[in-house]
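Reader: I have some questions about the labels used for this chain. Can we take them in turn?
Author: Yes, here it is.

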Amino acid sequence: PGSTSRSATYPDRVPRPADVRPPSRATTLLLAVLGGLVTDAAFPQRGWWPAAMVGVALLALALRRDSARWSFLVGATWGLSFFLVHIWWANEAVGVVPWLALSTAQAIAIGLFAVTWAWIRRIPVVERWPWLTALTFGLAWTTWEILRSAGPFGGFPWGKLAFSQTEAPLLRLAAVGGTTLVSTLVAVLGLVLATAWWSLRR
């Protein structure tokens, strides 16, 4: 009886409202596809720079499920929907196979970012402080952005979030921290936007 009372009074973890009902798997995939397409609209060809934050927010919402394996699939889906459109020129320049290979390699990097985020966000101190949650999300994104810029195929820097901000106020910060700082801030703002959306739905 004593242990039952203690368990009832001091639960190991009180689930947050946003965690009680994660989106369905079909919804996460839909959000991922939409997020990738929206993010592409932020880049210079269209130049709708706020779309980068919205696209990242859609990815963050899609990653609300706890499974690291499913997070990889969601991240890779976002990556494919983004890169297949974003580097369409590669299809015309070098052919279908290299275009698909490069898009897939970059999508895998996004999938690995999603796995990294699925692990990091479980750390109690990260989960407890919203500002730290947003910061670690941004740093995890930029880390994988740097890694995919280094390899494979000699690295591929296309699609950095910073490159979507050529007409945005954030571009001024490139003089301070380069594309790394700008990309990190775009990712942070995307997570903040996703968090605000979940808060409004409570």
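Reader: Why is L30 called exposed or buried, whichever applies?
Author: This is a predicted model. In it, L30 has 61% relative accessibility. Exposed means over 50%. So L30 counts as exposed.

Reader: Where is L30 placed?
Author: In helix α3, residues 25-40. L30 and L58 are 28 residues apart in sequence. In space they are 9.5 Å apart, C-alpha to C-alpha.

Reader: What makes the contact of D40 and R46 a salt bridge?
Author: The side chains meet at 3.0 Å, N to O. The cut-off is within 4 Å. The pair therefore counts as a salt bridge. A search of the whole structure finds one salt bridge.

Reader: Are D40 and R46 buried, exposed or partly exposed?
Author: D40 has 7% relative accessibility. Buried means under 20%, so D40 counts as buried. R46 has 43%. That lies between 20% and 50%, so R46 counts as partly exposed.

Reader: Why does E145 have no salt bridge?
Author: The nearest side chain of opposite charge is R148, 4.1 Å away. A salt bridge needs a nitrogen and an oxygen within 4 Å. The distance of 4.1 Å is outside that cut-off, so E145 and R148 do not count as one. E145 is buried all the same.

Reader: Where does E145 lie, and which backbone nitrogen is 3.0 Å from a polar atom of the side chain?
Author: E145 lies in helix α9, residues 130-150. The backbone nitrogen is that of L161.

Reader: How many helices and strands does the chain have?
Author: It has 10 helices and zero strands. Along the sequence, the pattern reads α-α-α-α-α-α-α-α-α-α. Of the 202 residues, 45% count as buried.

Reader: At what angle do helix α5 and helix α7 pack, and how far apart are the axes?
Author: Helix α5 spans residues 68-86 and helix α7 residues 96-120. They pack at an angle of about 140 degrees. Their axes are 7 Å apart. The crossing of α5 and α7 is right-handed.

Reader: Which kinds of residue make up the contact of α5 with α7?
Author: There are 17 nonpolar and seven polar residues in the contact of α5 with α7. None is charged. Asp, Glu, Lys and Arg count as charged, so the contact has no residue of those four kinds.

Conventions
Residues are numbered from 1 along each chain as its sequence is written. This is a predicted model: local features need pLDDT of at least 70, side-chain atom pairs count only at pLDDT 80 or more; totals for chains, interfaces and linings use all residues. Side-chain values use heavy atoms; hydrogens and water are left out. Axes are lines fitted to C-alpha atoms, for helices over the stretch in contact, and angles run from 0 to 180 degrees between N-to-C directions. Helices (H or I, at least four residues) and strands (E, at least two) are DSSP runs, numbered from the N terminus. A crossing is left-handed if the near helix is turned anticlockwise from the far one by less than a right angle, and right-handed if clockwise. Buried means under 20% relative accessible area, exposed over 50%, partly exposed in between (1.4 Å probe, protein chains only). Lys and Arg count as positive and Asp and Glu as negative; His and the chain ends are not counted. A polar contact is a pair of N or O atoms within 3.5 Å; within protein, one must be able to donate a hydrogen and the other to accept it, and residues adjacent in sequence count only if both atoms are side-chain atoms.
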